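Visitor: Please give me a close look at one part, the places where the chains meet. Keep it brisk, and say how far the model can be trusted.
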Amino acid sequence: METTKKLIVGIFVGACLLLFGIGLFLIGNNIQLFTKSFDAYTDFAKITGIQNGSKVRVAGMDAGTVTRIDVPARPEDKFRVHLRIVEKLHPIVRQDSIASIQTDGLLGNKFLQIDAGTSSAQLAQNGARLPSTEPFDWGDLIDQVNGVVKKVNVILEEVKAPVLLAVAQIEAAAHSADKLIKHATPEVNGILASANKISANLNEIIDGVQEGQGAVGALFKDKEMAASLHRSVDNVQEATVDVKKVVKKVEDSDIVPEVQKAVKNLQHITAQVKDAVEKFQSDAGEGGVGENLQRTLADAHEAMSDLSDNTEALKHNFFFRGFFKRRGFYDLGALTAPEYQKPSFGKGFKKHPIWLTTTELFQTDAKGLETLSPAGKTKLDAAMTEILQLPRNGPLMIEGYSGTGVPSQQYLTGRRRAARVQMYLIERFHLRPAYVGIIALSAAKEGVGIVSYYK
Amino acid sequence: MPIATTQPPPPSVLQSFMESIAAPIEWFGGLCLFAAQAIRECFQRPFEWTEILRQTYQIGWQSAPLIVLSGLAVGSVLSMHTRATLERFGAESMIPTALAFALVKETGPLVTGLLISGRVGAGIGAELGGMRVTEQIDALESLAVNSFHYLVATRVLACVVALPLLTVLMNFSGLLGGFFAEATISGMSFPYYFHAAFGSLAFSDFIPPTAKTMVFGFLIGTTSAYLGYNASGGAEGVGRASTQSVVLSSIFLIVVNVVLVKFIAFLFPVGGA
Amino acid sequence: MSDAITFNGVSKSFGPREVLKDISFAVPTGGAYVLLGRSGSGKSVTLKLICGLLKADAGAILVNGDDITGRDSNALAPIRKHIGFLFQSAALFDSLSVGENVAFPLRRHTNKPDGEIRDQATAILEKVGLAKEFQTMPGALSGGMRKRAGLARALAMEPAILLIDEPSAGLDPITSNEIDQLLIDLHTNQHATLVVVTHNIPSARRLATRLGFLDDGHLIAEGTPEELAHSEHDIVREFMKSQQAG
């Protein structure tokens with residue numbers, strides 16, 4: 001055997017062993033075998049695929065491996081996951097660094113993520129316990145939703161009683177005011193209209209909620225579902241941060257103050273109205289009463305209008321909206337002719353129109369104003385007898401037509417005719433005002449159309 | 001008048017069947033005894049250092065170009081296939097990792113084993129077969145040399161030593177080939193490539209699969225030496241020994257690999273560092 | 001004078017074929033024994049039995065008084081060191097040069113330094129007329145040269161017993177005579193015991209102090225060349241008459 005062969009074999013074996021060594025070193029480096037490191041541990045109820053040798057990342061940087069996992073001795077105990085973390089990253093691993101289990105990409109392995117702590121917290125010592133968050137779980141989320149539902153229910157129960165009380169007060173106030181002021185000023189009429197509207201709005205809201213409409217209504221209705229969810233998700237002991245967040249959102253939302261504000265306003269106004277009425281009664285004989293009353297009533301009118309706006313806004317609130325959406329309209333009084341003529345209005349309802357001409361309905365008095373004639377009232381009674389045969393679950397629209405004069409004149413005349421008919425019908429047939437709308441439409445004809453929407 | 005003959009009765013079907021299966025079993029038994037003797041002789045003095053070195057030179061060093069070239073080719077092909085698959089998931093950065101896993105854990109050892117069983121198995125089968133039929137083995141014995149110790153043990157030992165070394169060489173040239181292919185397509189940097197390649201490997205992914213090739217080496221060495229050492233029938237016998245060495249050592253290698261992979265998985269469960 | 005080699009009722013079969021049947025003979029130390037016989041009569045097998053390359057099925061073989069039957073390779077080694085074997089095909093190691101072939105036994109069984117071994121190998125090669133071929137690989141040699149190189153290797157350890165299988169087969173008469181002369185010199189000068197298998201009767205007559213004739217596995221005749229020439233067996237007489245056989 002020549003020396004060269006020996007040399008070559010030596011080189012060959014040496015080179016291959018060197019490569020092997022390099023491979024070992026690269027792997028060893030990768031699992032931080034040769035780097036200075038410190039140990040820590042953390043506890044998880046579920047370890048979702050973490051195993052010995054799983055990667056540990058500190059704030060996203062590869063930082064070590066899971067060295068050991070202790071299996072809990074009892075079901076209520078947690079898995080203890082021991083980690084080795086490179087010393088280099090020690091400065092940002094604090095006592096409040098939270099450990100969580102993450103997935104490396106869409107298909108990747110599970111790894112243990114350790115968040116960087118806050119600088120106010122102390123360094124995590126060698127062998128320290130790091131706090132952990134449990135891996136995300138759909139069951140937990142459902143549990144959180146369940147918590148929210150319960151909270152909202154409580155809030156609604158709180159709100160419902162004062163609202164109902166306020167409505168009762170308003171009705172009482174309006175009733176006594178109505179009795180006392182037979183021929184009142186336009187302000188009083190306005191107050192009454194507003195009060196009616198407020199009470200109608202609130203009634204509607206409460207009806208909607210009780211019928212299970214709108215987001216809040218749905219929550220009411222879904223009590224059973226929530227309860228069953230609650231039963232099925234039986235393993236969550238503590239409300240998580242997320243649950244608290246969701247609940248807080250509900251608490252922070254405008255719903256509660258809005259309702260409370262409206263109710264408070266209502267009670268205040270009702271008190272004012274009552275006050276005014278009482279004062280009017282007591283001061284009946286004195287000279288300054290008329291002026292005083294006028295001002296008081298004007299104030300009250302304004303306040304009542306604000307309140308009616310508030311309750312109107314409430315109807316559009318996310319939490320109550322569903323009911324009105326399903327009903328097909330929010331407020332017939334605010335309806336414009338183009339909105340009314342859109343095909344979306346009254347969608348899903350059947351229509352029953354009745355046409356009555358001006359001459360059939362109205363007589364012109366001395367001042368040149370149109371009022372309902374006795375014959376006209378008889379006609380309307382007949383029309384209503386027909387309409388009352390139909391189901392009363394949709395709006396009743398009264399269309400006023402006028403073809404004489406300029407467009408604004410036509411509008412006013414049409415609206416006035418419709419209003420006369422509306423007032424007569426509401427009074428005579430005790431219709432719900434919110435369901436009886438008027439609309440002025442221009443066409444080359446004189447008269448009133450009564451359209452009943454029903455399902 | 002017919003002539004009475006006393007011919008032996010024709011062998012029964014069962015008898016001929018038993019004979020036909022007895023031969024391979026006998027052959028296999030012989031191989032096992034041969035392997036056992038090879039193990040024994042490997043540890044017996046005197047150690048034939050010169051011959052071991054010469055065989056390591058022939059089996060190891062002279063196979064190196066074959067291994068390096070194959071490694072480069074296998075690595076680049078694997079890399080291209082891996083890319084085609086991982087690209088769909090947008091996981092191109094996983095290519096070095098996937099390639100390293102494939103190469104180091106299975107492809108490297110197995111391809112090395114098969115290549116060496118082709119090159120070296122045939123060589124040993126032909127060489128020993130030739131020595132047997134030209135009486136060189138007898139000549140060795142007549143010169144007071146234990147031919148088994150001198151010829152067989154040294155070759156088996158050289159195979160056992162050379163296979164892991166060649167596997168390491170195959171792994172690295174495979175990774176290098178993969179790097180060339182990858183760098184041409186995506187311009188991936190060398191440090192990133194090798195860092196990512198070894199990034200997810202554990203010692204258990206590297207050491208046991210490399211060490212198992214010692215078993216491959218032993219299989220190749222003993223099978224081909226057995227066939228060569230017991231060759232008969234002139235040049236034709238030598239050719240037969242050579243061919244069978246390749247065929248049988250390859251088959252044994254592939255079959256035993258299944259057992260070894262399972263065994264390694266048992267010893268080092270997934271994820272063990 | 002004791003016997004170098006003794007066969008005592010030795011039998012040997014290969015499968016169903018019985019090659020040797022109950023053979024007994026002895027070769028005295030320093031004797032030159034020539035085995036004759038037709039092709040396939042078991043002459044080469046007899047030589048291999050002496051060297052332990054084949055195992056006898058029955059009987060005992062003694063070499064210098066030691067029973068070698070049943071010994072394994074390692075146990076045979078001490079005896080084999082004193083035996084030189086020239087194979088019919090010379091059986092040179094293909095992977096080693098002629099010189100290294102000759103030096104091989106010296107390297108393995110002596111602790112002499114490399115230079116001395118080379119000198120010794122060269123000296124032996126010179127004796128067989130191949131001094132110039134030290135570096136040549138066996139594949140490049142002619143048949144006669146191979147035979148001589150094989151003889152040189154067999155002689156390297158200065159064996160007490162030389163086993164020669166067909167020294168002149170396939171060689172021209174001149175080369176054949178040279179080899180015979182070499183063997184005669186060895187026999188007379190170094191007092192080596194020779195066992196030669198041959199078909200060449202003139203060669204046999206020159207070498208032998210004693211002859212044996214194998215036929216169909218039996219040693220049917222034994223004696224001096226003259227005795228065999230007048231053997232009771234026709235085949236032996238016929239064989240001895242032929243000038244050139246095989």
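Guide: What follows is a walk through the chain contacts, with a short look at one chain afterwards.

This is a predicted model, in which local features need pLDDT of at least 70, side-chain atom pairs count only at pLDDT 80 or more, and totals for chains, interfaces and linings use all residues. Residues are numbered from 1 along each chain as its sequence is written, chains are lettered from A and ligands numbered from 1 in the order in which they are written, and side-chain values use heavy atoms, with hydrogens and water left out.

Start with confidence. pLDDT is the predictor's confidence in each residue, from 0 to 100. Chain A has a mean pLDDT of 72. In chain A, 57% of the residues reach 70 or more. Residues 219–244 of chain A fall below 50, yet this stretch makes 26 contacts in the model beyond near neighbours in sequence. A contact means heavy atoms within 4.5 Å. Residues 283–290 of chain A are also below 50, with three such contacts. Where pLDDT is low, the predicted coordinates should not be read in detail.

Now the contact of chain B with chain A. Chain B gives 26 residues and chain A gives 25. Together they bury about 2,400 Å², with 85% of it on carbon and sulfur atoms. Buried area is the accessible area (1.4 Å probe) that two parts lose on being put together, summed over both. B:Tyr57, B:Leu165 and B:Phe203 supply 26% of what chain B buries here, more than any other three residues.

The chain B side draws at least two residues from each of helix H2 (49–59), H6 (147–186), H7 (190–199) and H8 (203–229). Helices here are DSSP runs of H or I, at least four residues long; strands are runs of E, at least two; both are numbered from the N terminus. That side holds 17 nonpolar, eight polar and one charged residue. Ala, Val, Leu, Ile, Met, Phe, Trp, Tyr, Cys and Pro count as nonpolar, Asp, Glu, Lys and Arg as charged, and the others, Gly among them, as polar.

There are zero salt bridges between chain B and chain A. A salt bridge is a side-chain nitrogen of Lys or Arg within 4 Å of a carboxyl oxygen of Asp or Glu.

Turn to chain C against chain B. The contact takes 23 residues from chain C and 18 from chain B. These chains bury about 1,700 Å², with 52% of it on carbon and sulfur atoms. C:Phe93, C:Phe104 and C:Arg108 supply 27% of the area chain C buries, more than any other three residues.

Four salt bridges cross this interface. In one, C:Arg80 meets B:Glu141 (2.4 Å, N to O). Helix H1 (43–51), helix H2 (73–80), strand E6 (83–86) and helix H3 (98–109) of chain C each give two or more residues to the side that touches chain B. By class, this side has 11 nonpolar, six polar and six charged residues.

Last, a salt bridge inside chain A. The whole structure has 33 salt bridges over all chains. In one within chain A, A:Lys379 pairs with A:Glu360, the closest N and O atoms being 3.4 Å apart. A:Lys379 lies in helix H12 (residues 374–387) and A:Glu360 in helix H11 (residues 358–361), so the pair ties together parts 19 residues apart in sequence.
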